[in-house]
Amino acid sequence: MRGKKRLDEVKTSPDMLQGTLDMLVLRILMSGPAHGHTIAHVIEHTSENVLEVEHGSLYPALHRLEDRGWVESSWGVSENNRKAKFYRLTAAGREQQAVQTGRWRKMLVAIGRVMGESAV
């Protein structure tokens, strides 16, 4: 099986994460302002490294969320004493996070039904 990964070793691809990345970022920012590196780390750590966040996906998502008025950014100093852009959730972002979470839960239940799982 050289060159093949076992099913449990396969990581989530950036394409698979793309559809839920906005929701995950909004959820992380519910806890307070954070810079991109921290957001990526929290998603990866919380998912037990199943979800890997590429910077090439994260920063466009942050800019998209900012363009929509769901997050705001400001420059600050990171825990490593480096200049970093911090993102914080706006009131509109909080509302959007609730909407997206509701949709996600409905989708999760629906997929569970199709997969033959009992109530999720």
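**Order of elements.** I walked the chain from the N terminus and wrote down α-β-α-α-β-β-α. That makes 4 helices and 3 strands. Note to self: this is a predicted model.

**Overall numbers.** I looked up burial next, and buried residues make up 31% of the 120 residues. The accessible surface came out at about 8500 Å², with 54% of it belonging to carbon and sulfur atoms. I also checked how far apart in sequence the contacts reach. Of those between residues at least 6 apart, 52% join residues at least 24 apart.

**The core.** I pulled up the largest nonpolar core and found 18 residues in it. Val25, Leu29, Ile39, Leu58 and Val71 have the most contacts inside this core. Elements giving two or more residues are α1 (14-29), α2 (36-46), α3 (55-67) and β3 (83-89). Which of them gives the most? I got α1, with 5 residues.

**Val71.** I picked Val71 from that core list and asked what it touches, leaving out residues up to four places away in sequence. On the list are Leu26, Leu29, Leu62, Leu65 and Glu66, then Tyr87, Arg88, Leu89 and Thr90. Leu29 turns up here as well as among the core residues with the most contacts.

**The β2/β3 hairpin.** Val71 is also where I started on β2, since that strand covers residues 71-77. β2 pairs with β3 in the antiparallel sense, and I noted 7 bridges. For one register check I took Ser73, whose bridge partner in β3 is Tyr87. Between the two strands sit 5 residues, and in this hairpin Asn81 takes a positive phi near 60°.

**More positive phi.** Most residues other than glycine have a negative phi, so I went hunting for further exceptions. Glu48 has a phi of about 55°, and Asn49 has one of about 65°. Where do I find Glu48? It is in the loop between α2 and α3, and Asn49 is in that loop too. I checked their exposure: Glu48 is exposed at 67% relative accessible area, while Asn49 is partly exposed at 42%.

**Salt bridges.** Side chains of opposite charge can pair when their charged atoms come close. How many salt bridges are there here? I counted 3.

Asp22 and Arg64 form one of them, with the closest N and O atoms 2.7 Å apart. Asp22 is in helix α1 and Arg64 in helix α3, so this pair ties together parts 42 residues apart in sequence. Is Asp22 buried or exposed? My entry says buried, at 10% relative accessible area. Arg64 is partly exposed, at 23%.

Asp22 also meets Arg68 in a salt bridge, at 3.4 Å from N to O. Arg68 sits in the loop between α3 and β2, 46 residues from Asp22 in helix α1. I have Arg68 down as partly exposed, at 44% relative accessibility.

The remaining entry goes back to the hairpin strands: Glu72 pairs with Arg88, and their closest N and O atoms are 2.5 Å apart. Glu72 is in strand β2 and Arg88 in strand β3, 16 residues apart. Both ends are partly exposed, Glu72 at 37% and Arg88 at 40%. To finish, I looked for shared partners and found Asp22, Arg64 and Arg68 joined into one network.

Key:
Residues are numbered from 1 along each chain as its sequence is written. This is a predicted model: local features need pLDDT of at least 70, side-chain atom pairs count only at pLDDT 80 or more; totals for chains, interfaces and linings use all residues. Side-chain values use heavy atoms; hydrogens and water are left out. A nonpolar core is a set of buried Ala, Val, Leu, Ile, Met, Phe, Trp, Tyr and Cys residues joined through side-chain atoms within 4.5 Å. Buried means under 20% relative accessible area, exposed over 50%, partly exposed in between (1.4 Å probe, protein chains only). Contact means heavy atoms within 4.5 Å. Two strands pair if DSSP finds at least two bridges between them. Accessible areas come from the Shrake-Rupley method with a 1.4 Å probe; for residues, only the protein chains shown count as cover. A salt bridge is a side-chain nitrogen of Lys or Arg within 4 Å of a carboxyl oxygen of Asp or Glu.
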